[in-house]
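Colleague: I should be grateful for a close look at one part of this protein, namely its salt bridges. Please set them in the context of the whole chain.

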Amino acid sequence: MARSASALRGQILESALRLFAVHGFRGTSLQDIASDAGCSKASLLYHFAGKEAILTELLTPARDAVATLLGRVAGLEGGRLVEETVTGYVDLALRYRREIQLLFEHIAEMSCHEDLGVMELADGLLDALAGRSRQAPARVAAWMVLGAVFITSASDEEVAPDEVLRAEMIRSALRTLDHTLS
């Protein structure tokens, strides 16, 4: 029985994400993705213009989730802003681990990817993590949290069960930001 167009598209995306995680974006060909998805390269190209289009579609849900988080905390201030941003960022980083691994591997390229707006989102997270402060100590701590959560979630090493990892990431991030949960 033939797969529906949406099922094939989903399989292509799943295959691409898995292969990108193992072999890297550059190390994975369109033919590799098509073979893994069980379709021809022509079928793959019917659904996607190329690897860049696949990559953009793979990373768009994570980008949208970060944008939603930033929208949700936009009206908050002070401690509540920092707590909600840290918790939301850690939750998203753990939810989108494979996508973050892909971003981490190609951070220089991805940060310039116009369709994703990575730097604008990072700036928004930085501002919220710093509690909208322009003071150097708050900004440095926010950069440290931004990077540490990113790197920790990109790791393949299973440090602890997810619920323990989440709690420790939140606690450590808040401590770095000189903040405790209220």
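How many salt bridges does a search of the whole structure find?

Modeller: The model is predicted, and a search of the whole of it finds twelve salt bridges. Before turning to individual pairs, I shall describe the chain that carries them.

The protein has 182 residues, of which 45% count as buried. Its secondary structure comprises ten helices and zero strands, so that the order of elements from the N terminus reads α-α-α-α-α-α-α-α-α-α. Taken along the principal axes, the box filled by the C-alpha atoms is roughly 55 × 35 × 30 Å. Among contacts with a separation of 6 or more, 70% are made by residues 24 or more positions apart. The exposed surface amounts to about 9,800 Å², and carbon and sulfur atoms supply 56% of this area. As to charge, there are 18 positive and 25 negative charges, and their mean positions are 2 Å apart.

Among the salt bridges, one joins the side chains of R98 and E14, with an N to O distance of 2.8 Å. This pair links distant parts of the chain, since R98 belongs to helix α6 (residues 97-105) and E14 to helix α1 (residues 5-23), 84 residues apart. Are the two partners buried, exposed or partly exposed? R98 has a relative accessible area of 32% and is therefore partly exposed. E14 is likewise partly exposed, because its relative accessibility is 33%. Both values lie between the 20% under which a residue is buried and the 50% over which it is exposed. The pair also belongs to a network of salt bridges that links E14, R18, D36 and R98.

A further salt bridge involves helix α6: the side chains of R97 and D162 meet at 3.4 Å, N to O. Because R97 lies in helix α6 and D162 in helix α10, this pair ties together parts that are 65 residues apart in sequence. D162 is partly exposed, as its relative accessible area is 48%.

The salt bridge between R63 and D64 has an N to O distance of 2.8 Å. R63, with a relative accessible area of 23%, is partly exposed. D64 counts as partly exposed too, because its relative accessibility is 35%.

Several of these residues can be placed against the UniProt record. An unreviewed entry there lists residues 6-66 as "domain: HTH tetR-type". Over this range the chain is 80% helix and 0% strand, and the C-alpha atoms at its ends are 25 Å apart. The unreviewed entry also gives residues 29-48 as "DNA-binding region". That stretch is 75% helix and 0% strand, with its end C-alpha atoms 13 Å apart.

H47 offers a view of the surroundings of helix α1. This histidine is found in helix α3 (residues 41-47), and it counts as buried because its relative accessibility is 16%, below the 20% limit. Leaving aside neighbours within four places in sequence, H47 is in contact with A5, L8, R9 and I12.

Y96 does the same for the start of helix α6. This tyrosine lies in the loop between α5 (78-95) and α6. Y96 counts as buried, because its relative accessibility is 10%. Apart from neighbours within four places in sequence, Y96 is in contact with P61, A62 and A65. The C-alpha atoms of Y96 and S153 are separated by 8.4 Å, although the two residues are 57 positions apart along the chain.

Helix α10 (residues 162-176) can be viewed through L174, which is found in it. L174 has a relative accessibility of 3% and therefore counts as buried. The C-alpha atom of L174 is separated by 7.4 Å from that of E83, and these residues are 91 apart along the chain.

In summary, the R98 and E14 pair links helix α6 with helix α1, and the R97 and D162 pair ties helix α6 to helix α10. Beside these salt bridges stand the buried residues H47, Y96 and L174.

Key:
Residues are numbered from 1 along each chain as its sequence is written. Side-chain values use heavy atoms; hydrogens and water are left out. Helices (H or I, at least four residues) and strands (E, at least two) are DSSP runs, numbered from the N terminus. Buried means under 20% relative accessible area, exposed over 50%, partly exposed in between (1.4 Å probe, protein chains only). Contact means heavy atoms within 4.5 Å. Accessible areas come from the Shrake-Rupley method with a 1.4 Å probe; for residues, only the protein chains shown count as cover. Lys and Arg count as positive and Asp and Glu as negative; His and the chain ends are not counted. The place of a charge is taken as NZ of Lys, CZ of Arg, CG of Asp or CD of Glu. A salt bridge is a side-chain nitrogen of Lys or Arg within 4 Å of a carboxyl oxygen of Asp or Glu. UniProt positions are given in the numbering used here, feature names are shortened, and annotations may be inferred rather than shown by experiment.
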